[in-house]
Each structure stands twice: as C-alpha cells, then as structure tokens.
Amino acid sequence: MWKWYKIFSLNTLDTLNVPDYYLSVNLRGLGKQEIVIAKGFNVSVLFLGYWITPMLNNRNGFSVENKVSAYIDEENNLWVGYNENNM
C-alpha cells in the first residue's frame, strides 16, 4: 500500500529562481523528514535517501525499487510517497 504526501508547489520553486530547495516537513507516519528539491532539466527530489526524478522518460509517478516514488500533479504540486510493504 502506498502512502502519499503533497509537499510543495513547484510554482513556488519557479518564482524563487533557485536551483535547489531544502525543506523539513513532518509527515504523518514518518515523522520529521528532510527533503531536497533540485531543478535542472527536470525536477528531482531527495526523499528517504533516494533521488527520484518524476517525468524521467515521461514516467510520472516514477518509483525507485518499488519503495519510494514522486509525482507531479496537473497543478504543478510535487507529491512523494512510499510503499509500506517494501520498506
């Protein structure tokens, strides 16, 4: 079962005009997490020790080893998630 968290509006990242952004968020079930969002040609996110690039090879909801995933919704919000069964 996947747990998902909406963590950040990428529109905000665009207005800040910075290559990366660090945030500390308290996620239900995971506690306090340090997350890094980096923007180059694509947006990547460091979540639970994994670098994830949604939209890599046009795959939104890209997952790493079926453990963690990231997704960008139609409103340009970044979501991260993890598979409870594989952690």
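**Salt bridges, aromatic pairs and an open sheet**

Good morning. I begin with a contact between two charged residues: the side chains of Glu65 and Lys67 meet in a salt bridge, with 3.7 Å from N to O. Please keep in mind throughout that the model is a predicted one. Of the two partners, Glu65 counts as exposed, at 58% relative accessibility. Lys67, in contrast, is partly exposed, with a relative accessible area of 25%.

How many salt bridges does a search of the whole structure find? The search finds three. I turn now to another of them, which joins the side chains of Glu84 and Lys3 at 3.9 Å, again from N to O. Glu84 belongs to the segment after β8, a strand covering 77-83, while Lys3 sits in strand β1, so this pair ties together parts of the chain that are 81 residues apart in sequence. As for exposure, Glu84 has a relative accessible area of 35% and is partly exposed. Lys3 also counts as partly exposed, at 32% relative accessibility.

There is also the salt bridge between Lys39 and Asp14, whose closest N and O atoms are 2.2 Å apart. Here too the pair links distant parts of the chain: Lys39 lies in strand β3 and Asp14 in helix α1, residues 10-16, with their positions 25 residues apart in sequence. Lys39 is partly exposed, with a relative accessible area of 37%. For Asp14 the relative accessible area is 37%, and this residue is likewise partly exposed.

Lys39 leads us to the sheet. In strand β3, this residue stands opposite Val43 in β4. Strand β3 spans residues 31-39 and strand β4 spans residues 43-47; the two run antiparallel and are joined by four bridges. They are part of an open sheet of four strands, in the order β2-β3-β4-β5, with antiparallel pairing. Which strands stand at the edges of the sheet? They are β2, residues 20-27, and β5, residues 50-52; each has a single partner strand, so one side of each is left without a neighbour in the sheet. On average, neighbouring strands of this sheet are turned by 25° against each other, direction ignored.

My last topic is the aromatic residues. Searching the whole structure yields three aromatic pairs, and I shall describe two of them, beginning with Trp2 and Trp4. Their ring centres are 5.8 Å apart and their planes stand at 20°; planes under 30 degrees apart count as stacked, so this pair is stacked. Trp2 is partly exposed, its relative accessible area being 28%. Trp4, at 38% relative accessibility, counts as partly exposed as well.

The other pair I have chosen is Phe8 with Tyr21, where the ring centres lie 4.9 Å apart and the planes are at 35°, so the pair is tilted. This contact connects distant parts of the chain, since Phe8 is in strand β1, residues 2-9, and Tyr21 is in strand β2, 13 residues apart. Is Phe8 buried or exposed? With a relative accessibility of 12%, Phe8 counts as buried; the limit for that class is under 20%. Its partner Tyr21 is partly exposed, with a relative accessible area of 31%.

To close, I return to strand β2: this strand holds Tyr21, the ring partner of Phe8 in strand β1, and β2 also stands at an edge of the open sheet. Thank you for your attention.

Technical notes: Residues are numbered from 1 along each chain as its sequence is written. This is a predicted model: local features need pLDDT of at least 70, side-chain atom pairs count only at pLDDT 80 or more; totals for chains, interfaces and linings use all residues. Side-chain values use heavy atoms; hydrogens and water are left out. Two strands pair if DSSP finds at least two bridges between them. Axes are lines fitted to C-alpha atoms, for helices over the stretch in contact, and angles run from 0 to 180 degrees between N-to-C directions. Rings of Phe, Tyr and Trp (its six-membered ring) pair if their centres lie within 6.5 Å; planes under 30 degrees apart count as stacked, over 60 as edge-to-face and the rest as tilted. Buried means under 20% relative accessible area, exposed over 50%, partly exposed in between (1.4 Å probe, protein chains only). A salt bridge is a side-chain nitrogen of Lys or Arg within 4 Å of a carboxyl oxygen of Asp or Glu.
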